[in-house]
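Here are my notes for you, written as points to follow with the structure open beside you. Take them one at a time and find each residue as you go.

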Amino acid sequence: MANDIAAFFDGESDKALAAEGVRFHISRFWEPRMRREIIAHVQKGGAGLSATARSGIEKLAPVA
Amino acid sequence: MHAKDYHDLGTPAAGGESVTLQIDGATVTVPAGTSIMRAAALADRDVPKLCATDTLRHFGSCRVCLVEIEGRRGFPASCTTEVAAGMKVRTQSEALTNLRRGVLELYVSEHPVGSCPDSSRCELEHLAEEHGIGESRFAGAKTARSHTHKPVDHSNPYFRFDNDLCIVCSRCVRACEETQGTYALTIQGRGLDSSVAASQDQPFLESECVSCGACVEACPTGALMEKSVIAAAALPQQAVATTCAYCGVGCSLIAEVTDGAVSRMVPNRNGRANQGHACVKGRFAYGYATHQDRVTKPLIRKSITDEWREVSWDEAIGYAASEFKRIQARYGRDSIGGITSSRCTNEETFLVQKLVRAAFGTNNVDTCARVCHSPTGYGLKHTLGESAGTQEFVSVQHADVIMVIGASPTEAHPVFASQMKRRLRNGARLIVVDPRAIPLVKSAHVEADFHLRLLPGTNVAIINALAHVVVTEGLVKEDYVAARCEKDSFEKWKKFVADPVNSPEAVEAISGVKAEVIRGAARLYASGPNSAIYYGLGVTEHSQGSTMVMGIANLAMATGNLGREGVGVSPLRGQNNVQGSCDMGSFPHEFAGYRHVSDDATRALFESMWKVHLQNEPGLRIPNMFEAALDGSFKGMYIQGEDLAQSDPNTSHVTAALSSLECLVIQDIFHNETAKFAHVFLPGSSFLEKDGTFTNAERRISRVRKVIEPLAGLADWEVTVRLSNALGYPMNYSHPAEIMAEIAALTPTFTGVTYEKIDQLGSIQWPCNDKAPVGTPTMHVGQFVRGKGKFYVTAYVPTSERTSSKYPLLLTTGRILSQYNVGAQTRRTSNVAWHSEDRLEIHPHDAEARGIDHGDWVGVTSRAGDTVLRVEITDRVAPGVVYTTFHFPESGANLITTENSDWATNCPEYKVTAVQVVKVAQPAAWQMRRQAALPASPRKRRREETTIGD
């Protein structure tokens, strides 16, 4: 799903904006435990994530 | 036969400048173009009539409505004669009476007084009595009329046609043409041989008749009459205006009550959404509300393998509350959640989400819009600023070009489709974008100029190609875009869409639609001058559903087709209150009015009113709830009025999740697939049993009024209140109007909404507040809700669901007219006469390649599962595409749909599933078991036990 979100924002030529789009979307719509899990996945290497997805998730605020 | 106490004005309203005339000495002022008949009726000087009725154009055949006009010779028909300034009309005179008596006597010779089951409801017999006509001097004279020898047609389950009572006034034929647009009826023969015929003189049920009931309502005698009215054998004592509980058109209906039971539903002529029309479902299929399958007693059980036990309301509510508390204590606050119903009222939906947020203390609330129009909310909010359609239905009468994308309005929104067809017959052009040749592509007096018959899953490629034509051929409305849209986003989008990868020529290979068809459609849409887009779940239920909605908004903005009548972007919402349930804050990330839970000011407002701390993080969506249930962190659910186990995709996954819950509380009117996994069953109430409001696809808030007392003793909102109180969060309302007052206090788009104002205006389209005190028919007038419209780059990303040698066909799904959604209501009505099972539509080429004949059983297999359906061979679908409906649980349509979903909203990709189809000998074993055994219910078991004991 994170890759699908990133695929939409990859229409943005500015990669920083694309990553921000991913970050914003996930922070607005993903429940905290889902965000916690994806952040943990990225911290363990983020296997399977696209570059944009990874960049956006790395910008997510930590979840308590 | 009209609704009780309806005053038929004879001919439709006109809209010209005021004209003043005299009628029987009284001064009357009406718009120019009004008929004398209508003007006289408005002045309470009704002129007798038989072939005229105010939903149909004048016909002038019966010769009963004659009047005298000073200075004019003869006795003109008042229905065909327009008023003129200074005109002096007499509606009564000796000469007129003699003429009317003569005509009526001729009619009575064919339809004797006393023939009708109820003379008081027969306009002819009523007029005969008024004019002192008992027997006709011409009765018994030999005639060659064949129609009086025809047997009564009882084929339609809801009404019968008795030729003996027909006076061949043609009202029914004209109603079928003008109101419904089906043209199923005609007058065959000439002179005394004239008779009404359905299609090729077939029984109604076998004809093209869609059973909308327009002919029945138009009929001035008892020739066409509802069987329920005949059975009632008495006049209704009560008539209650309410709103239909089927689709998102939200027809206003009058429920007539005879001896405590609903004897008839009649379209409300004052209904702004439906303009006095209805369909087979709303008009006739209300019997489910009192069906014997209704669950009327609360039920509980410890385990889903136990038998249900009938208990009191207090015990059931107490058990549910104690279980939810236990689960939260053990697994955490967020281990439970709720689903609001798109069938229940705004007030009830508001209370369920309030219960979840305030009593449960979590934002784990969602709604069935998740699986249908959640991409609409996302896409239109981002581009235009509001999560709703932009127009009211009557706006279509001002459209010059109509584009229908991923919808079949004649099947899913039939009353609106009738309005659309009227506009198309009057000259509007039509573009259809759909994998199927939906009926709208070619039907009576309607034909699409362009049918973009695309492959499922290629919507975004097509919308980009349409936009490519607009941008590269100089069809952008530059002034409009400059004034109303963000410059930067427009320039970025323009550059993107102009890329050759988005050209029709490039997209042809992807979509299967020829480039010249795409170009023609784009040029037609852009040329308007008023072009309107209507779309349905064929847009949203895709992995790029939200992207497609944004693409539609982009196209509308670029061509200047937003912000006035006759244009717009109109999502055809499927359910009676799915718009309302979204408006009421049923999404896990938004409060009522589409404001994010993280917005501190909004949250503070709710906390202040609700006197409780609220979470500021989004909760779980329905698919996430299933995932969390399977991983053991989500253990309890309260589901009101939704059958997730039938309606959600990938049934095996859903049922596995539901099975893992420790407490599933269902609130519904029937046992259903989801109830098989429930621990508490709270009997719900139908729309006839409660007060409240629904909001239709036009954002129109209409009243739902109680007609009968709740069969289970409580309306749905009262159940939620009790549950909340049992959980320790007090709720105290004495009437749904108080809930609406709370909604209005908390929601800026609803601040002006009150029950009094709804009663006064008939209905209100939100926003309704200080800026728009009587509501907002057309959105984004002058500027968009977000200020400037924003364009979004909508790159086509193919779905991961692809055909292969193993699954070479693409399955898409939809609805049929006579059934509704999962069929919980319509399967329990006589609508099964038209559609008693879901069938798989397959193209003749694909069928032949597989040795399949019409009516064969076929196995349909996807990577998610398999099921068996009976086949219908048709070229409505293209080669490589198959189609089915999902109204019957036995069909198992969602056993084969997958977990793919929209990237933004998780709306399931129901419309694209790769399948293989092979001929089989019989249904699957589980289907045969199901067909052999009715759903387990205490009522059924009691019947069986009684029978066994007899």
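1. Let's begin at one strand pairing in chain B, keeping in mind that this is a predicted model. Strand E33 (residues 857-861) of chain B lies antiparallel to strand E36 of chain B, and five bridges hold the pairing. To find the place, look for Thr861(B): its bridge partner in E36(B) is Gln916(B).

2. E36(B) also has another antiparallel partner. Strand E31 (residues 809-814) of chain B is joined to E36 (residues 913-920) of chain B by three bridges. Here the pair to look for is Leu811(B), which stands opposite Thr913(B). If pairing is new to you, strands of a sheet pair through backbone hydrogen bonds, either parallel or antiparallel.

3. Now zoom out to the domains. The assignment splits chain B into domain 1 (18-130), domain 2 (299-372 + 578-765), domain 3 (374-571) and domain 4 (809-932). Notice that domain 2 is written as two stretches, 299-372 and 578-765.

4. How far apart are the centres of domain 3 and domain 4 of chain B? Taken over C-alpha atoms, the distance is 28 Å. Their contact involves 22 residues of domain 3 and 23 residues of domain 4. On the domain 3 side, the elements that give two or more residues are helix H10 (374-383), helix H11 (409-412), helix H18 (537-540) and helix H19 of chain B. H10(B) gives the most, with three residues. Sorted by class, this side of domain 3 has eight nonpolar, ten polar and four charged residues.

5. Over at the other end of the numbering there is an open sheet in chain B, with four strands in the order E2-E1-E4-E3 and mixed pairing. Its edges are strand E2 (26-31) and strand E3 (68-69) of chain B, each pairing on one side only. Strand E1 (residues 18-23) of chain B runs antiparallel to E2(B), with six bridges between them. One place to check this is Val19(B), whose bridge partner in E2(B) is Val30(B).

6. Next, the inside. In soluble globular proteins, nonpolar side chains tend to be buried together. The largest nonpolar core here has 212 residues, and those touching the most other members are Ile402(B), Ile462(B), Leu466(B) and Ile552(B). Helix H13 (residues 459-472) of chain B supplies the largest share of this core, ten residues. Follow Leu466(B) and, leaving aside neighbours within four places in sequence, you'll find it in contact with Ile518(B), Ala521(B), Ala522(B), Tyr525(B) and Leu555(B). Another core, of 73 residues, lies apart from this one, and its members include Leu682(B) and Met740(B).

7. Have a look at Tyr535(B), which sits in strand E21 (residues 531-535) of chain B. Is Tyr535(B) buried or exposed? Tyr535(B) counts as buried because it has 24 C-beta neighbours inside 10 Å, and the cut-off for buried is 20 or more. Not counting residues up to four places away in sequence, Tyr535(B) touches Ile405(B), Gly406(B), Ala407(B), Ile552(B), Pro571(B) and Leu572(B). Take Ala407(B) from that list: Ala407(B) and Tyr535(B) are 128 residues apart in sequence, yet their C-alpha atoms are 5.5 Å apart in space.

8. Chain A has four helices and zero strands, so from the N terminus on its elements simply read α-α-α-α. The radius of gyration of chain A is 11 Å, close to the 11 Å from the globule rule for 64 residues, so chain A is as compact as a globular protein of that length. Its C-alpha atoms fill a box of roughly 30 × 25 × 15 Å along the principal axes. Of its 64 residues, 41% count as buried.

9. Helix H1 (residues 2-9) of chain A is mostly covered, with seven of its eight residues buried. Among them are Ile5(A), Phe8(A) and Phe9(A). The buried residues of H1(A) pack against helix H2 (15-29), helix H3 (32-43) and helix H4 (51-58) of chain A, and also against helix H19 (545-558) of chain B.

10. Last, the place where the chains meet. Here 15 residues of chain B are in contact with 13 residues of chain A. The chain B side consists of seven nonpolar, seven polar and one charged.

Technical notes
Residues are numbered from 1 along each chain as its sequence is written. Chains are lettered from A and ligands numbered from 1 in the order in which they are written. This is a predicted model: local features need pLDDT of at least 70, side-chain atom pairs count only at pLDDT 80 or more; totals for chains, interfaces and linings use all residues. Two residues are in contact if their C-beta atoms, placed from the backbone, lie within 7 Å. Ala, Val, Leu, Ile, Met, Phe, Trp, Tyr, Cys and Pro count as nonpolar, Asp, Glu, Lys and Arg as charged, and the others, Gly among them, as polar. Two strands pair if DSSP finds at least two bridges between them. A residue is buried if 20 or more other C-beta atoms lie within 10 Å of its own, exposed if 12 or fewer, and partly exposed in between; C-beta atoms are placed from the backbone. Domain bounds come from an automatic or database domain assignment. The radius of gyration is taken over C-alpha atoms; the globule rule is 2.2 Å times the number of residues to the power 0.38. A nonpolar core is a set of buried Ala, Val, Leu, Ile, Met, Phe, Trp, Tyr and Cys residues joined through C-beta atoms within 7 Å.
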